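Hi,

Here is the structure I said I'd pass on. Have a look at it first, and my notes on what turned up follow below.

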Amino acid sequence: MWQQIISGLQAGSWYSLMALAMVLVLKATDVPNFAMAELGLFPAFCTWALIDGAHLSWWLAVPIGLLIGVALSVVVERTAIRPILAENHFATVLMTIAVFVVINAVVQLVWGSEPRKIDSPFAGSFTVAGQVVAYEQLLSIAAGLAVMAGLILFFRTPLGVRMQAIAEDRVTPRLLGVSVTTVFRTSWALAGAIATIALLLQGQASLLTDQNGSGLLIKGFVAATLGGFSSITGAFVGGLALGVAENLAGAYISTSSKTAIALLAIVVVLSIKPQGLFGRHQVREV
Amino acid sequence: MLLSIRELTSGYGRVPVLRGVDLDVAEGEIVALLGVNGAGKTTTLRAVSGVLPTWSGSVSFDGATLGGRPPEARARLGLGHVPEGRGILSSLTVRQNLRLGATARGRGARDVAQDEERLLEVFDALRDKLAAPAGSLSGGQQQMLAVARALLGRPRLVMVDEMSFGLAPILVTQLLGLVARLRAESGTAFLLVEQNSAVLDIADRAYVLAGGAVHTSGPAHELADSENLVRAYLG
């Protein structure tokens with residue numbers, strides 16, 4: 001049971017990170033970003049190539065991978081999203097799906113469908129009270145916590161406050177001098193880095209394939225929905241809860257029940273609390 | 001002239017609202033913009049701050065032509081706009097709302113804390129509420145916050161859309177008194193959109209809009225004395 005919970009918290013941290021990235025983009029630009037996981041998948045494959053192909057050290061390859069993640073998100077936001085954002089909201093959502101398909105195709109084209117593993121210096125494990133804990137598991141959980149804490153602090157900085165302001169009202173902050181362009185770019189850049197961290201952690205703890213993105217995308221959406229899609233803490237707790245629930249169901253019911261658990265969790269939570277566990281009631285003018 | 005509007009036309013989608021507005025605000029002046037609902041008062045402010053596009057005509061501020069610049073660039077030139085409905089961001093605290101106003105000064109803004117302190121001396125009712133969610137303020141306090149927030153950007157001109165809307169007469173008198181005091185202390189010019197004739201007590205000049213164009217303009221006391229006008233265009 002303890003093993004299942006630790007593994008659940010590890011996978012849950014990846015879901016949390018993906019959810020945090022999606023909440024960031026949604027808060028700032030009001031777009032449910034279906035390309036979010038692929039925006040982390042491509043840089044994760046680049047990192048793998050740097051370590052495995054170019055024999056760079058992990059400590060050098062990971063920062064480069066993160067930079068690629070930031071750059072990719074910024075370019076996608078500037079070239080594909082921003083030009084149509086003001087025109088049609090539905091078209092923007094479709095555009096994120098198109099970006100998802102394109103990036104996935106590029107990953108398949110360049111690296112094929114063979115599973116890879118990112119070599120990390122965190123291999124190995126230790127024993128606490130008779131239970132084996134892998135360093136990778138600790139790393140994932142610590143990274144998730146660090147990103148959440150960092151985001152909470154970030155939202156108290158002037159730039160973070162401007163992002164929240166734009167999320168609530170598109171016009172008034174601009175009358176006060178807030179640049180929407182800067183806010184959009186920053187939120188996509190941060191989200192790109194966070195999605196890359198999620199895929200890297202998954203790719204070095206288990207395997208990295210071209211299918212990792214779509215898997216994490218669904219889990220990230222579930223976690224963000226559980227958390228109410230507006231709350232940082234909610235998205236984080238939602239991810240962890242989902243990871244643990246999945247792993248317990250996998251161990252005590254059957255491994256094939258894992259995905260069903262995720263969707264069941266959504267149905268149950270949304271029918272009891274439609275705004276999510278941590279969400280605020282939002283009134284939208286129609 | 002600080003703000004100079006010439007032959008301005010604008011509207012929503014393809015529906016024209018402004019049909020050639022001419023209006024000036026001098027440095028340090030308080031100007032009232034009056035008119036019934038639908039006369040084009042709010043549309044004028046929106047076109048000046050860049051929320052709505054300028055169809056034709058020109059708007060210049062402090063010698064610079066504003067046409068085509070986004071709202072945030074106009075704010076950074078020193079043009080403040082307190083929008084209709086006040087634009088209070090309820091997900092932020094009162095202090096976060098207030099500090100957001102300093103964005104208009106650009107990077108490395110100094111003396112924000114001192115300016116905030118000075119504004120809190122004027123808008124004393126906000127002082128005890130700084131950590132509270134902005135949505136919890138009363139209507140009068142929200143209006144004070146909206147004006148104080150705009151002023152923290154050190155604007156040369158602040159346009160306020162219906163400051164008196166939904167407020168008790170005693171609060172309106174108090175707020176207008178504060179505006180007069182701020183102008184006297186800082187030299188900030190104000191363009192006040194109102195349907196309430198009380199604004200004429202503090203304004204230097206006034207314009208009456210009707211059907212998207214200026215119907216009458218002149219010194220505020222003269223307009224206040226013209227009973228027919230007040231009856232026809234103000235409630």
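Let me start with the second largest pocket, which holds about 570 Å³ of space. It is lined by 22 residues, and the closest to its centre are Pro158(A), Leu159(A), Arg162(A), Ala102(B) and Thr103(B). Keep in mind as you look around that this is a predicted model.

Which elements supply the lining of that pocket? From chain A, helix H6 (158-168) and helix H8 (180-205) each give at least two residues, and helix H3 (94-100) of chain B does so too. As for chemistry, the pocket lining splits into nine nonpolar, seven polar and six charged residues.

Next, the enclosed space. How many cavities of 30 Å³ or more are there? The count is two, and the largest cavity has about 60 Å³ of space in it. Its lining takes in Leu175(A) and Leu176(A) from chain A, while chain B brings Ala75(B), Leu79(B), Gly80(B), His81(B), Gly101(B), Ala104(B), Arg149(B), Ala150(B), Gly153(B) and Pro155(B). Two elements of chain B, strand E6 (79-82) and helix H5 (139-151), give two or more residues each to this lining. The largest share is that of E6(B), with three residues. By type, the cavity lining has seven nonpolar residues, four polar ones and one charged.

Now for chain B as a whole. Its secondary structure consists of eight helices and ten strands. Along the principal axes, the C-alpha atoms of chain B fill a box of roughly 45 × 40 × 30 Å. Why call chain B a compact globule? Because a compact globule of 235 residues would have a radius of gyration near 18 Å, and the 17 Å of chain B agrees with that.

A few more numbers for chain B. Of its 235 residues, 54% are buried, taking buried as under 20% relative accessible area. Among its contacts with a separation of 6 or more, 67% are between residues 24 or more positions apart. The accessible surface of chain B is about 9,800 Å², and carbon and sulfur atoms account for 49% of that.

If you only open one or two views, I'd go for the pocket around Pro158(A), Leu159(A), Arg162(A), Ala102(B) and Thr103(B), then the cavity lined by residues including Leu175(A), Leu176(A) and His81(B).

Cheers

Notes:
Residues are numbered from 1 along each chain as its sequence is written. Chains are lettered from A and ligands numbered from 1 in the order in which they are written. This is a predicted model: local features need pLDDT of at least 70, side-chain atom pairs count only at pLDDT 80 or more; totals for chains, interfaces and linings use all residues. Side-chain values use heavy atoms; hydrogens and water are left out. On a 1 Å grid over the protein atoms alone, a cavity is a set of points where a 1.4 Å probe fits but cannot get out, and a pocket is an open set with protein on both sides within 12 Å along at least five of seven lines; lining residues have an atom within 4 Å of a point. Grid points are joined across faces, edges and corners, and a volume is the space filled by probe spheres set on the points. Helices (H or I, at least four residues) and strands (E, at least two) are DSSP runs, numbered from the N terminus. Ala, Val, Leu, Ile, Met, Phe, Trp, Tyr, Cys and Pro count as nonpolar, Asp, Glu, Lys and Arg as charged, and the others, Gly among them, as polar. The radius of gyration is taken over C-alpha atoms; the globule rule is 2.2 Å times the number of residues to the power 0.38. Buried means under 20% relative accessible area, exposed over 50%, partly exposed in between (1.4 Å probe, protein chains only). Contact means heavy atoms within 4.5 Å. Accessible areas come from the Shrake-Rupley method with a 1.4 Å probe; for residues, only the protein chains shown count as cover.
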